[in-house]
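Subject: Structure for your review

Dear colleague,

Please find below the structure we discussed, together with its sequence. My notes on what was found in it follow directly after.

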Amino acid sequence: MGTFLGACLLLIVFSVFSVLSVSSSLISFCKLWRKFNLNEIQKSGDLVLGGLFEVHYTSSFHEQTFTSEPQQPSCKGFDTQGFRHAMTMAYAIDEINKNSNLLPNVTLGYSLYDNCGALVIGFSGALSLVSGRDEQFLLQENCSGIPPVLGVVGDSYSTFSIAMSNVLGLFKMPIVSYFSTCSCLSDRQRFPSFFRTIPSDAFQVRAMIQILKHFGWTWVGLLVSDDDYGLHVAQSFQSDLVTSGGGCLAYAEVLPWDSDPGELRRIVRVIKTSTARVVMVFAHESHMIQLMEEVRQFWEHTFKCKFDPADWMEYEGAICSGKEDIESVETEFLDLSNLGPEYNVYKAVYALAYALDNMLQCEPGRGPFRGHSCATLQNLEPWQLVHYLQTVNFTTSFGDQVSFDENGDALPIYDVMNWLWLPDGKTEVQNVGEVKRSVDRGEELILDEDKIFWNFESKKPPRSVCSDSCPPGTRMARKKGQPECCFDCIPCSEGKISNTFDSLECISCPEDFWSSPQRDHCVPKKTEFLSYQEPLGICLTATSLLGTCICAVVLGIFAYHHSTPVVRANNSELSFLILVSLKLCFLCSLLFIGQPRLWTCQLRHAAFGISFVLCVSCILVKTMVVLAVFKASKPGGGASLKWFGAMQQRGTVLVLTCIQAAICSVWIISASPVPHKNTKYHNDKIVYECDVGSTFGFAVLLSYIGFLAILSFLLAFLARNLPDNFNEAKFITFSMLIFCAVWVAFVPAYINSPGKYADAVEVFAILTSSFGLLVALFGPKCYIILLRPERNTKKAIMGRGTTNS
């Protein structure tokens, strides 16, 4: 069946096939049951284009059926702009007819209907366009012939276009809208013949989001009209806003169609009480008029009056009654001439004309249809025009390119308009930029911010955010039950930073770094160790060097007086060896000061352990010699001295020291002490210390020293009451008592001391025990050598001389 016959069937125009002869020799016809009484403007032509425009914006169209008598709809409220749209189509067709290069030898006509702002009237007009206005149509056998119109320009409202396209699209009737922006109309499966010269809401929404991002508005309100356009754009806007991370909605309100004053007042209260300073509106002009009638500020400015009674005493002007006629004054709010809908109508008409021109220029045998056929002027069908309309590509006389993508959408472009407040109180709409999409550059926003007028004291864009940006050093924490744009700024915890605005989380600093006081960058951690530069390190170093010097002085005194009885008593060689070992003990404490290195960590405990074992083993041998001498002085005890000759004494010291050296060697080889960065004591500090490697090895080293010390103490204690006037066993007992007390106290103090203080405790134990040994063992001897030389005799030492002094 041809499209023309299909249209007849669509209008429920019943063919009298039941009473007609089925013979092909008879002429068939279809008859209209009735006509719709609509406002229309027509002009005949070889080819006719239809148009639907809102010449009136209110109507009363009572419900009726196709069997009832037709009624003339009552259309009210003359819409100047809608009339301009209709006249633009008429003008464009006249211009095309005068153009010899476009559709030569073909005259275009038009059939324009007024939708009166009502869907039922607009839909009736659309059906009238595709079915024609003749009472009866004669049909040939193949139902061929030119349909009443080949394409329709319109409608303005998305809801009207959806309804019209749902039906006319079944027969591939091309529809080119100049004002319907609902993104749902880009569905080619549902609307296969719909085109438009205005960008879809999808692009409009993305354009608005670009503007929001440009000015940093993340907290905005949304107003939409209660129709397909508004509801679809609201859904698209909210979805794209979340996806793009451009911000959040403070509120979303639907503007009522019936201009309910109570509902409008509620919406105005929402706007005023909200913290959002930017309102996005996707609505029709009529909705905005109703809304603006409810606002204090717009009304007062427009009519130069005041509502607030509190201002009566100071205000000398008129008082607003609320009944002023908004349409009786000149205001740029109602002047939408600069928004370009007429130009969209112009482009829609030319798109259909160029598609017709391309279709009629087809060469037979090279056409796009079955068998490479072409459409002819005598046998045109709308679906053929859809094919050419899809591929149309031309440039208007104003230099703008017009083409449609696979969804029937034109290359989108929007002008960004700004209301400029003039000194005389009037406003003027000016173009301050554009949002467009091109093939090579994609979507881009171009703004001339110097031209934008901001009606604020600062003359700058307003700030519209739910929460201020979180500065570096903080992170965003969502407020419970609030949109994601509403958040608190939580300072980063210690050791974490954020170095950008609005960080979602704080990042941890690297291991050797710590957060700055502002928590906005990482700084190297402070290092801590027992340093030569700090007071504690200086004191310990000075004490160590003092002890070393004292040992050297004592060693010099003993060397100078090496032939005196005090020095020679009880093997002077061991006394010199003890002084050397004590000097090493003082010096080894320096290995615990300064930043730990591998060699200092390995050497400090080995040197400490071997030095003290050398010292204590010498003391042990001296004690054993004292006991052997006392035993030899008794009858039958002389044989015991043969075991404590000089060689035996040296050998014993060497063997005992080598055992400690072996312990240290095994310890270093099996689990060597190494430098360690310890962060368990302080999060913001790195404590450099020596990891002992093997706690067991360290314990064995200390235990061996303790064993020798306790053994020396016990032997010296047994010999403390020997009859000699100068009994060295007493001093050894006292020195070992000091030594053992120091190291018994050292163990718990060392374990409980953090970081560098553990090293300080060990150094203190070394110095204290060394000074204890030095003073206890060599103090009395130096006293006799230097201050009591008369006692430095063999008789005095053996107790056979006078000792009154």
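C248 and C485 are joined by a disulfide, with 2.1 Å between their sulfur atoms. Please bear in mind throughout that this is a predicted model. The S-S torsion of C248 and C485 is about 85°, so this disulfide is right-handed. C248 belongs to strand β12 (residues 248–255), whereas C485 sits in the loop between β21 (474–478) and β22 (487–491), so the bond ties together parts that are 237 residues apart in sequence. Both C248 and C485 are buried.

How many disulfides does a search of the whole structure find? The search returns nine. Two others are described here alongside the pair above.

C509 and C522 form a disulfide with an S to S distance of 2.1 Å. The torsion about the S-S bond of C509 and C522 is about -90°, so the disulfide is left-handed. This pair links distant parts of the chain, 13 residues apart: C509 is in the loop between β24 (507–508) and β25 (513–515), and C522 is in strand β26 (residues 522–524). The two cysteines fall into separate accessibility classes. C509 has a relative accessible area of 13% and is therefore buried, given that the cut-off for buried is under 20%. C522, at 23% relative accessibility, counts as partly exposed.

In the disulfide of C601 and C690, the sulfur atoms are 1.9 Å apart. Its S-S torsion is about -75°, so the disulfide of C601 and C690 is left-handed. C601 lies in helix α15 (residues 598–632) and C690 in strand β29 (residues 685–691), so a helix and a strand are tied together by residues 89 apart in sequence. C601 and C690 are both buried.

Two further cysteines may be of interest for their accessibility. C539 is partly exposed, with a relative accessible area of 48%. C740, at 19%, is buried.

I turn next to the salt bridges, of which a search of the whole structure finds 17. K677 pairs with D512, the closest N and O atoms being 3.1 Å apart. K677 lies in strand β28 (residues 674–678) and D512 in the loop between β24 and β25, so this salt bridge ties together parts that are 165 residues apart in sequence. The loop between β24 and β25 is also where C509 of the second disulfide is found. K677 is partly exposed, with a relative accessible area of 38%, and D512 counts as partly exposed at 29% relative accessibility.

E528 and K685 meet through their side chains in a salt bridge of 3.5 Å, N to O. Since E528 lies in strand β27 (residues 526–528) and K685 in strand β29, the pair ties together parts that are 157 residues apart in sequence. Strand β29 also holds C690 of the third disulfide. Within this salt bridge, E528 is buried, with a relative accessible area of 10%, while K685 is partly exposed at 24%.

The side chains of E790 and R788 also form a salt bridge, at 3.9 Å from N to O. E790 is partly exposed, with a relative accessible area of 44%, and R788 is likewise partly exposed, at 27%. Elsewhere, R206, R437 and E443 are joined into one network by salt bridges that share partners.

How do helices α16 and α17 lie relative to one another, parallel or antiparallel? The axes of helix α16 (residues 646–670) and helix α17 (residues 695–718) come within 9 Å and cross at roughly 170°. This makes α16 roughly antiparallel to α17, because angles over 145 degrees count as such. On the α16 side, the contact is made by L656, I659, Q660, I663, C664 and W667; on the α17 side, by G697, F698, V700, L701, Y704, I705 and L708. These contact residues divide into 11 nonpolar, two polar and no charged.

Finally, is S770 buried or exposed? S770 is buried, with a relative accessible area of 0%. This serine lies in helix α19 (residues 756–787). Leaving aside residues up to four places away in sequence, S770 touches L582, C585, F586 and F612.

With kind regards

Technical notes: Residues numbered from 1 in each chain as written. Predicted model: local features only at pLDDT ≥ 70, side-chain atom pairs only at ≥ 80, totals over all residues. Heavy atoms only, no water. Disulfide = S-S within 2.5 Å. Helix = DSSP H or I, 4+ residues; strand = E, 2+ residues; numbered from the N terminus. Buried < 20%, exposed > 50% of the residue type's maximum accessible area, 1.4 Å probe, protein only. Axes fitted to C-alpha atoms, helices over the stretch in contact; angles between N-to-C directions. Parallel < 35°, antiparallel > 145°, perpendicular 65-115°, else oblique. Contact = heavy atoms within 4.5 Å. Nonpolar A, V, L, I, M, F, W, Y, C, P; charged D, E, K, R; others polar. Salt bridge = Lys/Arg side-chain N within 4 Å of Asp/Glu carboxyl O.
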